[in-house]
Amino acid sequence: MSPEGIREGLDTRFMGQEVVYLSTVGSTNEVARAMAARGAPEGTLVIAEEQTAGKGRLGRRWIAPAGTSLLFSLLLYPDLTLEQVPRLTMLASLAAAEAIESVTGLPVRFKWPNDILIRGRKVGGVLTEVGVTEERLDYVVVGIGLNVNWTPSQVPELAGKATSLSEELGREVSRLELLQRLLRYMEGGYLRLEEGYLPHKVFTSRLANVGEKVEVVLPRGKEEGFVEGVNAEGALLLRREDGMTVGVTMGEVA
Ligand code: BTN
């Protein structure tokens, strides 16, 4: 991949039109945050072949061998409140799902809040970070990692939990095609978001475990219940044993 290659044939207005392409970096999210501080334009794409300190949610690491995956961050300046930011995370998951399905035909589901799954195993994730001044949103960095052409099942701690597109498909997949489609879907969704579109219903239609009993690991403790879906702000709707439905905003389905 190259910045020229990414821009060539990319039919977006702004998403990915400014490209920062790095062979190795700590974390693309960190670079995108630094770009925000320098006033980089909306839709700036920071993409790397390799991350030495790739960040996952909850302080975890995101691992991918050099040149095998899609590791990138998008810089956005949305007109949203802090509470509405999960709309962007849902949008990014949906853009990834649509891109994966259109390129590979593989069925994509989500595990709340941000896991992208194929046949129950994690193929990607989204890490959204915000810049805030006096409780006002300055910028949002949406970081996306997708396992494309490598074999996570060979890594002991990932075996049985993670997968990749090549592992599922039995052949390599064009990272460039996948990226360009994802950027197109992301831009389309983002423009609709600005017109008031809410992605939670489509997100829920791809959510794993709907109607099933799950355990959600919270920052402190656990919550059990039947998954009903997600609400407009991305909270997981759980119906507890006592019949009450609660909206869980922090944590993850176990
Ligand atoms: C998760 O599932 O925990 C989220 C993983 C997000 C990983 C991507 S890779 C590109 C971007 N840069 C990072 O440091 N993290 C995100």
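**Entry 1: the open sheet**

I started with a single bridge: Leu238 is partnered by Val246 in β11. A note to myself before going on: this is a predicted model.

Next I looked up the strands around that bridge. β10, residues 236–239, pairs with β11 in the antiparallel sense, and I read four bridges between them. I then followed the sheet outward and found five strands, in the order β11-β10-β9-β8-β12. The sheet is open and its pairing is antiparallel.

Which strands stand at the edges? They are β11 (245–248) and β12 (252–253). Each has a single partner strand, so one side of each is left without a neighbour in the sheet.

**Entry 2: the ligand**

I turned to the ligand and its surroundings. I have 21 residues around it, and the closest are Ser27, Gln51, Lys55, Arg57 and Lys122.

Then I went through some polar contacts. For Arg57, a polar backbone atom is 2.6 Å from an oxygen atom of the ligand. For Lys122, I looked at the side chain: an N or O atom there is 2.6 Å from a ligand oxygen. Thr28 also contributes a polar side-chain atom, which lies 3.0 Å from a nitrogen atom of the ligand.

How much of the ligand's accessible area does the protein cover? On its own the ligand has 420 Å², and the protein covers 98% of that.

I also checked which elements give two or more residues to the shell: α2 (28–37), β3 (70–76), β6 (121–133) and β7 (136–146). The largest share comes from β6, with four residues. Sorted by class, the shell has eleven polar, six nonpolar and four charged residues.

**Entry 3: aromatic pairs**

Last, I looked for paired rings, and the count came to two aromatic pairs. I noted the distance of the centres and the angle of the planes, since that is how a pair of aromatic rings is described.

Phe14 and Tyr190 have ring centres 6.1 Å apart and planes at 65°, so I wrote this pair down as edge-to-face. Phe14 sits in the loop between α1 (3–7) and β1 (19–25), and Tyr190 in helix α5 (residues 175–194), so the pair ties together parts that are 176 residues apart in sequence. Are these two buried or exposed? Both Phe14 and Tyr190 are buried.

For Phe110 and Phe203, the ring centres are 4.7 Å apart and the planes are at 20°, so this pair is stacked. Phe110 belongs to strand β4 (residues 109–111) and Phe203 to helix α6 (residues 200–205), so parts 93 residues apart in sequence are tied together here. I found Phe110 and Phe203 buried as well.

How values were computed:
Residues are numbered from 1 along each chain as its sequence is written. This is a predicted model: local features need pLDDT of at least 70, side-chain atom pairs count only at pLDDT 80 or more; totals for chains, interfaces and linings use all residues. Side-chain values use heavy atoms; hydrogens and water are left out. A residue is near a molecule or strand if one of its heavy atoms lies within 4 Å of it. A polar contact is a pair of N or O atoms within 3.5 Å; within protein, one must be able to donate a hydrogen and the other to accept it, and residues adjacent in sequence count only if both atoms are side-chain atoms. Accessible areas come from the Shrake-Rupley method with a 1.4 Å probe; for residues, only the protein chains shown count as cover. Ala, Val, Leu, Ile, Met, Phe, Trp, Tyr, Cys and Pro count as nonpolar, Asp, Glu, Lys and Arg as charged, and the others, Gly among them, as polar. Two strands pair if DSSP finds at least two bridges between them. Rings of Phe, Tyr and Trp (its six-membered ring) pair if their centres lie within 6.5 Å; planes under 30 degrees apart count as stacked, over 60 as edge-to-face and the rest as tilted. Buried means under 20% relative accessible area, exposed over 50%, partly exposed in between (1.4 Å probe, protein chains only).
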